[in-house]
Amino acid sequence: MKKLIWLAFASLPFFGNVFAHSLDTRATKTLEEVVITSSRIDLPLSKNDRSIVVISKEMIQETAAPTVVDLLQQVAGVDVRRRGISGMQADLFIRGGSFDQTLLLIDGIKLDDAQTGHHTLNFALPVEVIERIEIIKGPAARVFGLNAFTGAVNIVTQSGASAKSSLGMQTGSYGQLGAELTLAGNTKENQFLAHLSTQNAEGYRYNTDFKTTNALIKADLKANSNFPITLFASFSDRKFGANGFYASPSYVNQYEETQAGLLSIASKINLNQWVVKPRVYWRRGQDEYIFVRNNPAIYRNLHLTHKVGTAIDASYYRANSTTGIGVDLARVSISSNNLGDRSRFVTTVFAEHQMRLANEKLTLTPGIAATHYTDFGVQFFPGIDFGYALNQNLRLFGNVGYTYRIPTFTDLYYSDPTTLGNENLEVEEALTEEVGLRYFNGGFEWSVALFNRDAKNLIDYIRTAENEQFQATNIREVTTQGIELTGSRTFRIAGQAQRFQLGYSYLNDTIDDLDRALSRYSINTIRHHFTANYTAKIVKNITASVMYKWAQRPAQEAYQVVDASVQWQLHDLRFSFYANNLFNEVYTESSLVPMPLGNGLFRVQVVF
């Protein structure tokens, strides 16, 4: 393992020298051009003082990854625990946090789930409509509020002007069949984007069949005016066999259906030095779980959640400073045959002020957020980001901040034969510090970050003996420390664009002395996580990618997975093949559910 760590570090200067003669920054769109829009103060990635990874539209297209879950799997420090193929059910973790401690956003709209963060990725959009994915690592509660305890993922959608219309079909292993239609267009003032897709499969083992449907509509009205309006609606429906997903592996007849819907109206108003972003939104989730697929009478859960909210963010730009303020009001509710009918009202106020000093080499951004919950009172989480440009290409950055998470309704009230909630749970809290270096120079980029998180009252499901129920419990204080390293290099060989990326993360926490058989979630984080990706344009119209992942969890043997893809563009036709687990690695990511052996997905699209 030590050799692997040293190899990762040694690769950074290697990136800077090898292929230098063939470097061409036109090979890809550099991340320096990407403006991070998920916060109140929009900043280029190169000037941001947080650990942020951006997956651009070009990267999405080049890897031919079929889902957002497959894309996130390629980022070190992001732990996506899948159960099966096509991201049918997966949980999202960042820097050793739980799935309840990671927030998903779509175009800046927060999609936290009052029932459980277990359903976060149900809202992930089809890759065909995504402009980029912004992954914010570290405490983000000061920026986003609830659930951004260890990080956040913001999916930015394409506009009708940037997207392309296409019609596609796909087929693959385990009887996978799918079809998709994307329509995009624009006029002088208006833009629209619509998407409809469906996919089904027989499953890679008993009772893992699935069927999904996705629909999306986005309209940008008066897009070029000072008062544009964006209408957005998305819906996802999933039906799948859940063999061993949520209980003992011997329970093979579980079944689940989920729905995820979002409706929003937003604008971005430019008023001289002010930029104002108002929005209203409605998020709806539905989850039906059946313990024995053909006999719901034995055990069945049905949960329906709503979040109705409005938010206004505003930024005031001066020559050497920017002030960001915001308010977010939301009512969240659940109607459940298990959890009952519950609701809470959430009011959050945000404020931050960025100062650019010493000829803009030094930036300081103190800020605070305050949230009032009708059931948990007021929570405050201050913090500060800082950065210093050591030279034109190298930036020192860091941040310190408090973060928190209130219990979900599942944590508080859930009950079944193996699991029990706890109405007396306290709020999770943590103080996190991070410091790092980021380097940008054309097609060569790297970053390294060290972080520490001192948390208390973390919620886990604990039992005192193996024959007892797991009960939601605030466990003792936990300290988590880690290091993350990323690097990328774009260059050309024989005139054809190439990209090489790598990432490594190491996590160490003080929870390892807990009995693994008596704790359900907290101790199974990835200790070592190494990723590498090489994308090459073989000839003008053919692109190939190889993705490598090596991971080790405290409770499991290390495993390594190799994926690969190839694409061929022939005029308006695009052929792609995505291969997963090429070397048939035997491993699990969650709940002892075995991942599928080598499998593939073939896709053909016509672009018009």
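How many of the 608 residues of the chain count as buried? The share is 58%. Keep that in mind as you go, and remember that this model is predicted.

**Stop 1: the whole chain**

Show the full chain as a cartoon. You will find five helices and 35 strands. The radius of gyration is 23 Å, close to the 25 Å that the globule rule gives for 608 residues, so the chain is as compact as a globular protein of that length. Turn the view along the principal axes. The C-alpha trace spans about 65 × 55 × 50 Å.

Now switch on the surface. The chain exposes about 24,500 Å². Carbon and sulfur atoms supply 58% of that area.

Colour the charged side chains next. There are 57 positive and 58 negative ones. The centres of the two sets lie 6 Å apart.

Contacts tell you how the chain folds back on itself. Take those between residues at least 6 apart in sequence: 62% of them join residues at least 24 apart.

**Stop 2: strand β9**

Select residues 151–157. This is strand β9, and it is mostly covered. Seven of its seven residues are buried. Look at one side of β9 and you see G151, V153, I155 and T157. Look at the other and you see A152, N154 and V156. Both faces are covered.

**Stop 3: the partners of β9**

Add residues 102–106, which make up strand β6. Strands β6 and β9 run parallel, joined by five bridges. Zoom in on two places here. L104 stands opposite V153 in β9. L105 stands opposite N154 in β9.

Then add residues 130–137, strand β8. Strands β8 and β9 pair in the antiparallel sense, over seven bridges. Find I136, which stands opposite A152 in β9.

**Stop 4: the five-strand sheet**

Which strands make up the open sheet with five members? Their order is β3-β8-β9-β6-β7, and the pairing is mixed. Select 51–56 for β3 and 109–110 for β7 to see the edges. Each of these two has a single partner strand, so one side of each is left without a neighbour in the sheet.

**Stop 5: S225**

Jump to S225. It sits in the loop between β13 (210–221) and β14 (229–241). Is S225 buried, exposed or partly exposed? At 31% relative accessibility, S225 counts as partly exposed.

Now pick Y587 as well and draw a C-alpha to C-alpha distance. S225 and Y587 are 53 Å apart in space. In sequence, 362 residues separate S225 from Y587.

**Stop 6: the three-strand sheet**

Finish with another open sheet. Three strands form it, in the order β24-β28-β27, and the pairing is mixed. Select 419–420 for β24 and 459–462 for β27. Both stand at the edges with a single partner strand each, so one side of each is left without a neighbour in the sheet.

Add residues 470–474, strand β28. Strands β27 and β28 pair in the antiparallel sense over four bridges. For a last close-up, choose I459. Its bridge partner in β28 is N474.

Conventions. Residues are numbered from 1 along each chain as its sequence is written. This is a predicted model: local features need pLDDT of at least 70, side-chain atom pairs count only at pLDDT 80 or more; totals for chains, interfaces and linings use all residues. Side-chain values use heavy atoms; hydrogens and water are left out. The radius of gyration is taken over C-alpha atoms; the globule rule is 2.2 Å times the number of residues to the power 0.38. Buried means under 20% relative accessible area, exposed over 50%, partly exposed in between (1.4 Å probe, protein chains only). Contact means heavy atoms within 4.5 Å. Accessible areas come from the Shrake-Rupley method with a 1.4 Å probe; for residues, only the protein chains shown count as cover. Lys and Arg count as positive and Asp and Glu as negative; His and the chain ends are not counted. The place of a charge is taken as NZ of Lys, CZ of Arg, CG of Asp or CD of Glu. Two strands pair if DSSP finds at least two bridges between them.
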